[in-house]
Amino acid sequence: MTSKQTHFIDLPALPANDPAAFVQLDEDGSTITRSVLPGGVRVISQQVPATRSVAIGLWLPVGSRDETDGHYGSTHFLEHLLFKGTKTRTALQIASAFDQVGGQTNAATSKDYTNYHARVLAEDLPMAIEILIDQVTSSILDADQMKLERGVILEELAAAEDDPTDILFERYSAIAYAGSPLARPVGGTKDTVNAVTREAIWEHYQRTYQSPNLIVSVAGAVEHEQLVKLVGEALAKGGWDTTSLVAPNPPRPVGAIPDLVAARDHFTKTVEQAQIAVGTRSLALADERKPTMMVLASILGSGMSSRLFQEIREKRGLAYTTFAFDHSYTEAGSFGMYAGTKAENLGSVETLMLQEWEKLATEGPTQEEIDRIVGQSRGALALGMEDNYARMYRLGRSEVSLGHLERLSDQLERISQVTVDGVKDLAAELYARPRLVATVSSQPIAD
């Protein structure tokens, strides 16, 4: 095992016969083990004592950003179709298998990965692994099921279009990553979903769902050797390569992204409450200043003691909900401040948001704020990791997006090292960047 940086443990993209592909470490009484199988599938597990359940995730580094012309919306469509039957199972059999053991299964598509996940008792791990891998390797993408599912997805998109907050964040993302595939909506649009063909989705499925892309992450009552055996057997049943000594595909490289341009976007829609997001482009996923970014966003807008909550809600009564957010991808992230308010208050709320951001950039946070938010962040991270699903997600995301794993103790330590000057400097850096403003209200806004 080698270390890329002081805090990080490499998860190298090496074939199964290279000893460096195997990683094992102890963490707070649990054991994290990582293997690469012949064929290039990665299996990473965290064995947690005194737990009865397991959380399972199958990850593909494929999201809406990876779609090509004629395939827009394919990734999300494919995620739906993988629950609609395989060569050996109907959709009802897939659902019933988890229901009859009290388990749960679902999936999620993002801009840069797709995740199929489940939670079951430890004794039901063999069933869950077999069915999830059957879905990934052997789905048939039935034409009749596709017709039905197209309607389901259009209903899903229609629900999002009725939600002004969903509209706001979709449009904010579009201006934050303008000119990049990251600007595209994850689920596609009505036009792309109506236009995409079964042949296009099948081509997308065959091109991207391959052994060197697949990652299996499991946390809870799991024995790593048994897990590796189960995964290998299920892959062989699905007809995937389980013998070639090929290397897995590494996380996507940091690509170019167009320079950020200041933008103001408004969407007119009949709503009771107007929506606003103000911010700029922020740090990439692997930036070492991510703990500082997290503390910065929390000082502005996390909890009832945050600056936005106090200034916008408590002192002026302009909003019921206000918070700050930060989303990250390989190349860049997007930071913003959100509020829902009356249309006539949009200007006042925007001014207050910018004032608080500027004060943080020029005066910095107080030491009391740093102490409070650092404690809040450390507690939230550590408590969150008491859940097997969170552990599984951490392992899978480390493999699919970063290529390294950070010990929880090191993550907590890095949060503890965030300083007043670090937050002030980062706030100033972000404040100097081109500004993004997105709004949704019933009335048009003059330029």
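## Sheet, helix pair and a buried arginine

Thr-105 stands opposite Ala-118 of strand 7, in a model that is predicted. Strand 7 covers residues 114-121, and six bridges join it to strand 6 in the antiparallel sense. Helix 1, residues 74-81, lies across both strand 6 and strand 7, and its direction is at about 170° to that of strand 6.

These strands belong to an open sheet of seven strands with mixed pairing, whose order is 2-3-4-8-5-7-6. The edges are taken by strand 2 and by strand 6 (104-109), each of which has a single partner strand, so that one side of each is left without a neighbour in the sheet. On average, and with direction ignored, neighbouring strands of the sheet are turned by 10° against each other.

At the edge formed by strand 2, the partner is strand 3 (residues 30-36), which runs antiparallel to strand 2 and is joined to it by five bridges; within this pairing, Gln-24 has Thr-33 of strand 3 as its bridge partner. The two strands form a hairpin with two residues between them, and Asp-28 in the turn has a positive phi of about 50°. In a regular strand the side chains alternate between the two faces of the sheet. Strand 2 (residues 23-27) shows such an alternation, as the table sets out.

| Residues of strand 2 | Direction of side chains | Burial |
|---|---|---|
| Val-23, Leu-25, Glu-27 | one face | buried |
| Gln-24, Asp-26 | the other face | not buried |

Two packed helices are described by the angle between their axes and the distance between the axes. For helix 2 (residues 91-99) and helix 3 (residues 125-138), the axes come within 11 Å and cross at roughly 155°; with angles over 145 degrees counted as roughly antiparallel, the two helices are therefore roughly antiparallel to each other. Their crossing is left-handed, and the contact is made by Ile-94, Ala-97 and Phe-98 from helix 2 together with Met-127, Ala-128, Ile-131, Leu-132 and Gln-135 from helix 3. Sorted by class, this contact has seven nonpolar residues, one polar residue and no charged residues.

Turning to another helix, Arg-307 is found in helix 10, which comprises residues 307-314. Because its relative accessible area is 14%, and the limit for a buried residue is under 20%, Arg-307 counts as buried. Leaving aside neighbours within four places in sequence, Arg-307 is in contact with Ile-299, Leu-300, Glu-356, Lys-359, Leu-360, Gly-364, Pro-365, Thr-366 and Glu-369.

Conventions: Residues are numbered from 1 along each chain as its sequence is written. This is a predicted model: local features need pLDDT of at least 70, side-chain atom pairs count only at pLDDT 80 or more; totals for chains, interfaces and linings use all residues. Side-chain values use heavy atoms; hydrogens and water are left out. Axes are lines fitted to C-alpha atoms, for helices over the stretch in contact, and angles run from 0 to 180 degrees between N-to-C directions. Helices (H or I, at least four residues) and strands (E, at least two) are DSSP runs, numbered from the N terminus. Angles under 35 degrees count as roughly parallel, over 145 as roughly antiparallel, 65 to 115 as roughly perpendicular and the rest as oblique. A crossing is left-handed if the near helix is turned anticlockwise from the far one by less than a right angle, and right-handed if clockwise. Contact means heavy atoms within 4.5 Å. Ala, Val, Leu, Ile, Met, Phe, Trp, Tyr, Cys and Pro count as nonpolar, Asp, Glu, Lys and Arg as charged, and the others, Gly among them, as polar. Buried means under 20% relative accessible area, exposed over 50%, partly exposed in between (1.4 Å probe, protein chains only). Two strands pair if DSSP finds at least two bridges between them.
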